[in-house]
Amino acid sequence: MALQQTASQLPPRQTSKTRRKKSSGLGFAMITLMSFTVLLLAALCWFFLTSSGTSVRLMMADTLITTQHRDWAKYLIGSDELKKRVEAYWKQFEEMGEEKDKGLVDIEHKTTEPAAIKKDLVTIEPVSGKNFKGHLVTISDPKKLRIAVPEKAGKGEKVSSMVKRTGAILGVNGGGFIDPNWEGNGFQPEGIVISGGKIFYNDKGMNGSVQVVGIDKEGRMIAGKYKVSELAEMGVQEAVSFSPRFIVNGVGQIKSQADGWGIAPRTSMAQTKDGSILFCIIDGRQKHSIGATLYDVQQIFLEHGAVTAANLDGGASSVLVHNNAIVNKPSSEYGERYLPTAWLVFDHPETAKIKNVWEGLDIRKIDPSKW
């Protein structure tokens, strides 16, 4: 015998009040969707059709250009514009490296200072801006710097490891390197490496030109485009390759944020008139610090009296090590990268044990992707 359904088991009747609630809910959803669509269309029109939106779009594209996701920039500006923009930057960097230094640095005056007023060898201070946080390092004696390289062939070395191994006081990442798909082993530099007055690595030949960031035998910072033979004649003691040189004879070469090559983690080097070396290390791609443009770094250096400045490798390579501790926050989720070069500071740099890891190697046969 079938059981009769009780009233509690029967489906509820839809009252007019219930139908009105459903109808009003559907209407609200439609209005919300339409409003979102209108706002999205307005945002896209602003992003692609207005001058202010275009400025933001180009800044985003420049930021992508400095990462391993360079190709993504084509979705913002198109493939042709991406190619033109990259070529324009490299052309600009080449031109910025050609002006000759006027010798504004006064090393002689520095060496005659009374001992009582000599500065600490290393000072570190925080720096910050609208979108970034970082550190400014001052090295009072430029002759205390050496370029360090990996201890073993086949793979780069972390800066913290170089600092600990050599007994350095401080370390900062150095020049560029061959980095296939941004996953390279950090062993093969680009351009030139000079340490202790000796050429450790040179892929340009003696008559080839290279963008260089270095220090000569008098302690003057050398930056810009030079032939390798010129560097040897000038007595350059320490050097790596990177660009651009963006402060020349006390004048900033980057005219605005729009020309600052995007927002990214940065490492840059400068020298003041009294010979002190400055390193600016900016964190990026993180919540506490998105990153800085080269214009931002330029302004920090100019405020601290820089007369020469040049860019070093940045991005995930940017790292500052002091007293065997990492001071900044590298952007890589894996921590420090393995690198071919680093700027190290020593109390007695002449005793630093730094050997040429590329000596005897055929650099044409190095596989920078093999770990």
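The questions and answers below go through the fold, the sheets, the cores and the aromatic pairs of one predicted model.

In this predicted model, local features need pLDDT of at least 70 and side-chain atom pairs count only at pLDDT 80 or more, whereas totals for chains, interfaces and linings use all residues. Residues are numbered from 1 along each chain as its sequence is written, and side-chain values use heavy atoms, with hydrogens and water left out.

Q: What radius of gyration does the chain have?
A: The radius of gyration is taken over C-alpha atoms, and the globule rule is 2.2 Å times the number of residues to the power 0.38. Along its principal axes the C-alpha trace spans about 105 × 55 × 50 Å. For a compact globule of 371 residues the rule gives a value near 21 Å, but the chain has 27 Å.

Q: How many helices and strands make up the secondary structure of the chain?
A: Helices (H or I, at least four residues) and strands (E, at least two) are DSSP runs, numbered from the N terminus. Counted in this way, the secondary structure comes to eight helices and 17 strands.

Q: Which strands are the edge strands of the open sheet of seven strands?
A: Two strands pair if DSSP finds at least two bridges between them, and the order of this open sheet, with antiparallel pairing, is β1-β2-β13-β12-β14-β10-β11. Within it, β10 (residues 245-248) and β14 (residues 306-311) are joined by two bridges, and I247 has A309 as its bridge partner in β14. The strands that pair on one side only are β1 (122-128) and β11.

Q: How many bridges join β7 to strand β8?
A: Strand β7 (residues 209-216) also pairs in the antiparallel sense with β9 (residues 236-241), over five bridges, where G214 has A239 as its partner. With β8 (residues 221-227) it forms a hairpin that has four residues between the strands, and G219 in the turn has a positive phi of about 100 degrees. Q211 of this hairpin is bridged to K225 in β8, and the antiparallel bridges joining β7 to β8 number seven.

Q: How many of the eight residues of strand β7 are buried?
A: Buried means under 20% relative accessible area, exposed over 50% and partly exposed in between (1.4 Å probe, protein chains only). Buried residues make up 47% of the 371 residues in the chain. Strand β7 is mostly covered, and its buried residues number seven.

Q: Which strand gives the most residues to the largest nonpolar core?
A: A nonpolar core is a set of buried Ala, Val, Leu, Ile, Met, Phe, Trp, Tyr and Cys residues joined through side-chain atoms within 4.5 Å. The largest has 45 residues, and those with the most contacts inside it are M269, F279, W343 and W358. A second, separate core of 29 residues includes M96, F246, L278 and C280. In the largest core, the strand that gives the most, with four residues, is β17.

Q: What is the angle between the planes of F93 and W261?
A: Rings of Phe, Tyr and Trp (its six-membered ring) pair if their centres lie within 6.5 Å, with planes under 30 degrees apart counting as stacked, over 60 as edge-to-face and the rest as tilted. By this rule the count comes to six aromatic pairs. One of them links F93 in helix α4 (residues 79-96) to W261 in the loop between β11 (251-252) and β12 (266-272), 168 residues apart. Their centres are 5.1 Å apart and the pair is edge-to-face, with an angle of 80 degrees.

Q: Why is the pair of F279 and W343 tilted?
A: F279 in strand β13 (residues 277-282) and W343 in strand β17 (residues 342-345) lie 64 residues apart. F279 counts as buried because its relative accessibility is 0%, and W343 counts as buried because its relative accessibility is 0%. The ring centres are 6.3 Å apart and the planes are at 50 degrees, so the pair is tilted.

Q: Is R285 buried, partly exposed or exposed?
A: R285 is found in the loop between β13 and α8. Contact means heavy atoms within 4.5 Å, and, leaving aside neighbours within four places in sequence, the contacts of R285 include T66, A264, I290 and S331. Because its relative accessibility is 36%, R285 counts as partly exposed.
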